[in-house]
Amino acid sequence: NKAALWNRGIARTWTGNLPGSVADLDALRALDPTNLELRRVRTVTALAASVDVPAARAAAGELLRTQAGNAQFLLLAGQAEWALGNGAGAQQYFARAAAADPRIIDATYEQAGQFLQAGVPQMAYLQYSTVVWADQSMAGGYYGVGMSAAMLGPAFRPQAIAALEQYLRF
């Protein structure tokens, strides 16, 4: 059932089971391969979960080929570049996304806060990192990166400290 797979996949995202969400969204994609929103949500979830990031980058590129000016797809392509360590490429996509929809960075910031409050630090970290790469003047983005990185554990301690120190400079 398509609706059940979608709902379970989204519920798994919001409860922090990102690999389970990716699995449900993959199963749904087999039933609904042309659903672009499904493909976008699956790709951003895979990026946050660090599930086959190169494949997620390719998926973002496929989405962009369907709608080159879609702000959500541009943002996703930037997130894929960021996840692969290509900050310059990420910033170019983020700038294009903001030009296509001037509200997209603010909306990403709001969603990041929702993920942080829900206790889903992987998604919050990806979204807050997107915000600070896209607009380095958003002080709250640095706070969010710091807090979500701290929630991700000791391996992310350096990122948490650096982001919170940057936040304190505002």
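How much area does the protein expose, and what share of it do carbon and sulfur atoms supply? About 8200 Å² is exposed, with carbon and sulfur atoms supplying 53% of it; the areas come from the Shrake-Rupley method with a 1.4 Å probe, and for residues only the protein chains shown count as cover.

This is a predicted model, where local features need pLDDT of at least 70, side-chain atom pairs count only at pLDDT 80 or more, and totals for chains, interfaces and linings use all residues. Residues are numbered from 1 along each chain as its sequence is written, and side-chain values use heavy atoms, leaving out hydrogens and water.

**View 1. The whole fold.** Here you meet 10 helices and 0 strands (DSSP runs numbered from the N terminus: helices are H or I with at least four residues, strands E with at least two). The C-alpha atoms fill a box of roughly 50 × 30 × 25 Å along the principal axes.

**View 2. The largest pocket.** Its volume is about 320 Å³. A pocket is an open set of points on a 1 Å grid over the protein atoms alone, where a 1.4 Å probe fits, with protein on both sides within 12 Å along at least five of seven lines; lining residues have an atom within 4 Å of a point. A volume is the space filled by probe spheres set on the points, which are joined across faces, edges and corners. Of its 20 lining residues, R40, V44, Q111, F115 and Q127 are the closest to the centre.

**View 3. The second largest pocket.** This one holds about 180 Å³ of space. Look for W82, Y125 and F156 among the residues that line it. Helix α8 gives the most to this lining, with 3 residues.
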